[in-house]
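Here are some notes for a first look at this model. Please keep the structure open while reading.

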Amino acid sequence: MTPEGVPATVPVDLRLYGLLDVGVCGGDADHLARMAAQAAAGGVTLLQYREKTIANARETVARLRRIHAALQGTGVPLLVNDRVDLALASGAEGVHLGQEDLHPADAKRLLPRGAIVGLTVKTAAQADELYRLPIDYACIGGVFATTSKDNPDPPVGLDGLNRIVFRARLARGPGLPVGAIAGIDRGNAAATIGAGADGIALISALFGTGRDVEARARDLRGVVDAALAARGAA
């Protein structure tokens, strides 16, 4: 716990972090809810809803409520990308923030006690600042090149990920979950965990086709769990 905020009630499990990106998955609420339920059944541990350009906030809240309802009883929290107001309106468990979004301390003050606040970290300098931020996890990226998001910064690669994870641990200690995002798939998931990440965040590798989501999640979860065990972190 930091002086500025209240930690999540339960430590955040980042092992398999699915991102339901409307730009990739489409905006049909029923389809998104089905994929969310399938991902949870396959072993996803955390889900995020991401819609970078919101034309109608009421429609977005309706989608979020549908997804949230589909996750009831699974134990998988739902986070909203960027928007604290939409998280509050939909009953989601928290938010994921970028470096230019609302400050994590303000998000903590606005959200209910125990809500999850995550933060994107792109550089070692940003990792150094984590000691004073009331966040529940950090996600480092982009690790690899990706077409799922327009990212002006070059990928940090596995060496860069390892350096940033090291700095994050220095800043906040070993208790802060640190994930990795961007361009991660079955082929590089184990190496990403080996470089120090506690979990992987996925869009296309999990939801890209809209089919076989449960089987994909189960397969990826197995890869992650095996890599964590090999690293001695399971």
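**Notes on one helix and one loop**

1. Start with the outward side of α7. The face turned away from the buried side of this helix carries exposed residues: D159, R163, F166 and L170. Keep in mind that this is a predicted model.

2. Now turn to the other side. The buried residues of α7 are G160, L161, I164, V165, A168 and A171. They lie on the same side of α7, because the arc they cover around the axis is only 135°.

3. What covers the buried residues of α7? The cover includes three strands, β5 (116-121), β6 (137-140) and β7 (178-181), along with the helices α6 (124-128) and α8 (186-194).

4. Check the length of α7 next. The helix runs over residues 157-172, 16 residues in total. At 1.5 Å a residue, α7 should span 22 Å, and its end C-alpha atoms are indeed 22 Å apart, so the two values agree.

5. Look just past the helix. G173 comes right after α7 and takes a positive phi of about 85°.

6. A second glycine deserves a look. G27 sits in the loop between α1 (22-25) and α2 (29-42). Is G27 buried, partly exposed or exposed? Its relative accessible area is 31%, so G27 counts as partly exposed.

7. Last, the surroundings of G27. Leaving aside neighbours within four places in sequence, G27 is in contact with V22, L32 and R63. E51 is 24 residues from G27 along the chain, and their C-alpha atoms are separated by 9.0 Å.

Note on methods:
Residues numbered from 1 in each chain as written. Predicted model: local features only at pLDDT ≥ 70, side-chain atom pairs only at ≥ 80, totals over all residues. Heavy atoms only, no water. Helix = DSSP H or I, 4+ residues; strand = E, 2+ residues; numbered from the N terminus. Buried < 20%, exposed > 50% of the residue type's maximum accessible area, 1.4 Å probe, protein only. Contact = heavy atoms within 4.5 Å. Expected span 1.5 Å × (residues − 1). Arc of directions from axis to C-beta.
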